[in-house]
Amino acid sequence: MQHFHDKTNITLKNSFEQTQFIDWRTQPRSFKTYPKFFRRYKLDDYEELKFIKNFGKITTSKKYGKEEVNLRTNPSAGGLYPCEIYIQIRGIKGFLSGIYHYEVLEDSLCLIHELSNDGLEYYFNETSSKKFVILISNVYFRSAWKYDNRAIRYLLLDTGHQLASIFSSLKLENINFSFNFNFDKKRLNEEFGFNCQEFFQGAVLIDNEKETKPKKLRERPVTVCPTDYFIKNSFIEEFVKKFEEENFEIKEELSFFENLSKEQLQTAINKRRSVRAFKKESISKAEFAFITENIFKISQKLGIEIFFINNNIEDMKRGVYKNVTLLKEGDFKEIETKLAFNQKLAGESCFTLFYTSKEEKYAKAVIFCAFFAHIISLKATHLNISSSGIGAYFDDETQNFLNTKNNILYLQAVGR
Ligand SMILES: Cc1cc2nc3c(=O)[nH]c(=O)nc-3n(C[C@H](O)[C@H](O)[C@H](O)COP(=O)(O)O)c2cc1C
């Protein structure tokens, strides 16, 4: 996987070569829809399923020129939304047990496969059937259209944010769940007829239903093209093949929202946005501590090292920190801006986080950097503090500046 990371570095040299003009009229569709005659169920009509809306519902729309763009509970690099969600549901009264596709635009579930004695659990080697199996897939061309090969990183980062959106929605309802990255991704990609255009990244399993082991799917769900057109990218497809073999487990306890009430967390989910510019006001040390509570400790357990630069946190020395230890005192606003591909957000923040890792399970590390970034964005939103993920930065220069051999996986600016 290191090969794929190195090949997608932004360097001073290739940044000059990558300044081609983007014609937004050619953007591939970012919503997958099954045929009109498929059965659909509005989430608002089912009390037990309403929580699914928090996974990706539209929370605002913005006009870019003539185009109306829908923004969702989860952020996305370039607003391209490569993630799709499939949910297998069992044992809900008055609801057909089946595999559904979550249709964000309509806030509805579209039935794509009716269950009998079969089920997705078969591909997870599960010995019991589950109430819910949630699968996240990536439609790679949506991101590759703009970012070319570097899209492999944004796909993983977007997946991490999507996973954290699901995590927050389940925490909100006090639903027990486990993440799962150990399933037969290759086989399931084939069963869904994805034909390399789409591939599964991760899953969330919820509650045991019965002690019976479901069989493999009786028939393949109908194949629907997830975009209106498609251009193959062999580099990304090679990456997907490698990724299909990368299995990993998350055993660490992830507790982040203990101090937020249900209403507060729901408000933060609804209000989360990526900031475009900061007012350059400070935040307090207590606010910093609240936003980052448990993040440094848990991320280290997952092989992620977080550096941050304090630009404007009150009562704390300005400078570069590794986890919570001050490495270099000083004002680094200008260099931060340069490192972040000359984006002012990085230098004008109260603090900018640099998520790094040398973890050999590459996908795990990237997905969970974005997962932590998402938690931070929700907690910051609760305090009316803004933030934005930053996926464009100069890789080698950032490594040199931080004096680390770790891969630089993601940046995040947080401030007022
Ligand atoms: C992986 C990732 C990378 C991003 N990189 C940048 C970036 O480099 N610069 C920037 O201004 N915004 C960046 N964003 C923010 C997106 O532009 C933003 O999420 C998207 O426009 C949707 O808006 P919203 O987050 O307010 O819903 C990034 C978001 C993600 C998830």
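Q: How many salt bridges does a search of the whole structure find?
A: The search turns up 23 salt bridges. Keep in mind that this is a predicted model.

Q: What makes R142 and E84 a salt bridge?
A: Their closest N and O atoms are 2.8 Å apart. The cut-off is 4 Å between a side-chain nitrogen of Lys or Arg and a carboxyl oxygen of Asp or Glu, so R142 and E84 qualify.

Q: What does the pair of R142 and E84 tie together?
A: R142 sits in helix α3 (residues 140–147) and E84 in strand β4, so the pair links parts that are 58 residues apart in sequence.

Q: Why is the pair D395 and R153 called a salt bridge?
A: Here the N to O distance between the side chains is 2.9 Å. The limit is 4 Å, so D395 and R153 pass as well.

Q: Which domains does the assignment give for the chain, and how far apart are their C-alpha centres?
A: Domain 1 covers 2–245 and domain 2 covers 274–415. Their C-alpha centres lie 27 Å apart.

Q: How do you know that domain 1 and domain 2 touch?
A: Contact means heavy atoms within 4.5 Å, and 28 residues from domain 1 and 25 residues from domain 2 take part. Between them the two domains bury about 2300 Å², with 65% of it on carbon and sulfur atoms.

Q: What polar links does the rule find across the interface of domain 1 and domain 2?
A: There are two salt bridges, and twelve residue pairs are in polar contact. On the domain 1 side, α1 (2–6), α2 (12–17) and α4 each supply at least two residues that touch domain 2. Helix α4 gives the largest share of that side, twelve residues.

Q: Where does helix α4 lie?
A: Helix α4 (residues 151–172) lies across β4 (83–89), β7 (129–139), β8 and β9 (198–210). Against β7 it runs at about 150 degrees.

Q: Why are β5 and β6 counted as paired?
A: Two strands pair if there are at least two bridges between them. Six bridges join β5 (residues 98–103) to β6 (residues 108–114), so the antiparallel pair makes the cut. As one example, Y100 has L111 in β6 as its bridge partner.

Q: What makes β1 and β8 the edges of the sheet?
A: The open sheet has seven strands in the order β1-β6-β5-β4-β7-β9-β8, with antiparallel pairing. β1 (40–42) and β8 (177–180) each have a single partner strand, so one side of each lacks a neighbour in the sheet. On average, neighbouring strands of this sheet are turned by 25 degrees against each other, direction ignored.

Note on methods
Residues are numbered from 1 along each chain as its sequence is written. This is a predicted model: local features need pLDDT of at least 70, side-chain atom pairs count only at pLDDT 80 or more; totals for chains, interfaces and linings use all residues. Side-chain values use heavy atoms; hydrogens and water are left out. Helices (H or I, at least four residues) and strands (E, at least two) are DSSP runs, numbered from the N terminus. Axes are lines fitted to C-alpha atoms, for helices over the stretch in contact, and angles run from 0 to 180 degrees between N-to-C directions. Domain bounds come from an automatic or database domain assignment. Buried area is the accessible area (1.4 Å probe) that two parts lose on being put together, summed over both. A polar contact is a pair of N or O atoms within 3.5 Å; within protein, one must be able to donate a hydrogen and the other to accept it, and residues adjacent in sequence count only if both atoms are side-chain atoms.
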